[in-house]
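Please look through the structure below with this briefing beside you, and take the topics one at a time. The points concern charges on the surface, pairs of opposite charge, an annotated stretch and a loop.

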Amino acid sequence: MTSTGGDIQRTGSDITRSLELLWGDGVRPTRGPKPALTLDRIVTEAVRLADAEGLAAVSMRRLSTELGTGTMSLYRYVPGKGDLLDLMLDRVYTPPEEEEPWSGGWREGVETYARETLVLYRRHPWLLHVNQARPVLGPGAVGGLDRTLTRIAPMGLTDPELIGVIVAVEGYVTGVARTQVHEVEAVKKSGLTDEAFWEAQQPTLERIMMSGKYPALAGLSEDAFGSDFDHFEFGLQRLLDGLDVLVAARREAETGA
């Protein structure tokens, strides 16, 4: 896996066409021999390429080379890269099949959503370079959202608040994922491990701390920035604790009423 790809990417401008492709309304005719190229195969290869080399590597020309076909053949299935990106997003957001019905509580549901989202960003770091402010919703994204809402519905919050929980968790996880992905990229681009990077700064930092100008930092224990501390888990649990207080307050209010 190399760079996640430079500028923020945007999805397709033809919403109707993207929806047709996502929900199967634009399926090609089934007459004649089965085509060697399929939309599913194109999307699969596009995701693989983005995972391996970043979004910048995903072009219709490059895809046609990887698939062993002509570039114009791809346009018969998908109008352009923006529409292809809509399909790629929905593919990776498709939740895994559940072997058994969900039996956990709302807190476990939020935890699962947070951890699965972090894994998703680690597996597909190019997601951090996609403008998802106005997503075109396909079956994968809708299915994932419906599953999460079902799991956290026992919180007893209003519908806007349930969506707010998802937005808050997504925002937290995205921030953590961005830092982790950038750390991986920094090692690859510089050739320096995290340990080597901080060791190079240690003499200067020690001198600055001895100056007395930064007493709070100088007073920190040696393990304050240690790698053994799980910052993601710490933040997630505090977020859940806050939600727990809200849920308990709502239940108490309902009982009193």
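Helix α9, which spans residues 194–210, supplies the largest share of a patch of negative charge, namely 3 residues. This model is predicted, and the patch lies on its surface, where E183, D194, E195 and E199 gather.

**The negative patch**
- E195, one of the residues that gather in this patch, has its place in helix α9.
- With a relative accessible area of 54%, E195 counts as exposed, because the word is used for residues over 50%.

**Salt bridges**
- Side chains of opposite charge can pair when their charged atoms come close.
- A search of the whole structure finds 15 salt bridges, and a network of such bridges links E45, R48, E53, R62 and E66.
- E45 and R48 form a salt bridge in which the closest N and O atoms are 2.6 Å apart; because these two residues stand 3 residues apart in helix α2 (residues 39–53), about one helical turn separates them.
- E45 is buried, with a relative accessible area of 13%, whereas R48 is partly exposed at 39% relative accessibility.
- R48 also forms a salt bridge with E66, and here the closest N and O atoms are 3.5 Å apart.
- This second pair links distant parts of the chain, since R48 belongs to helix α2 and E66 to helix α3 (residues 60–67), with their positions 18 residues apart along the chain.
- E66 is itself partly exposed, at a relative accessible area of 34%.
- E53 and R62 form another salt bridge of the network, with their closest N and O atoms 2.8 Å apart.
- Both partners of that bridge are partly exposed, E53 having 35% relative accessibility and R62 a relative accessible area of 24%.

**The annotated stretch**
- An unreviewed UniProt entry carries the annotation "DNA-binding region" for residues 59–78.
- Across residues 59–78 the chain is 65% helix and 0% strand, and the C-alpha atoms at the two ends are 12 Å apart.

**A buried residue in a loop**
- L128 lies in the loop that runs between α6 (106–123) and α7 (139–152).
- Is L128 buried or exposed? L128 is buried, because its relative accessible area is 10% and buried means under 20%.
- Although L128 and A177 are 49 residues apart along the chain, their C-alpha atoms are separated by 8.4 Å.

Key
Residues are numbered from 1 along each chain as its sequence is written. This is a predicted model: local features need pLDDT of at least 70, side-chain atom pairs count only at pLDDT 80 or more; totals for chains, interfaces and linings use all residues. Side-chain values use heavy atoms; hydrogens and water are left out. Patches are made of residues with over 30% relative accessible area and no salt bridge: like charges are joined within 9 Å, nonpolar side chains (Val, Leu, Ile, Met, Phe, Trp, Tyr) within 5 Å. Accessible areas come from the Shrake-Rupley method with a 1.4 Å probe; for residues, only the protein chains shown count as cover. A salt bridge is a side-chain nitrogen of Lys or Arg within 4 Å of a carboxyl oxygen of Asp or Glu. Lys and Arg count as positive and Asp and Glu as negative; His and the chain ends are not counted. The place of a charge is taken as NZ of Lys, CZ of Arg, CG of Asp or CD of Glu. Helices (H or I, at least four residues) and strands (E, at least two) are DSSP runs, numbered from the N terminus. Buried means under 20% relative accessible area, exposed over 50%, partly exposed in between (1.4 Å probe, protein chains only). UniProt positions are given in the numbering used here, feature names are shortened, and annotations may be inferred rather than shown by experiment.
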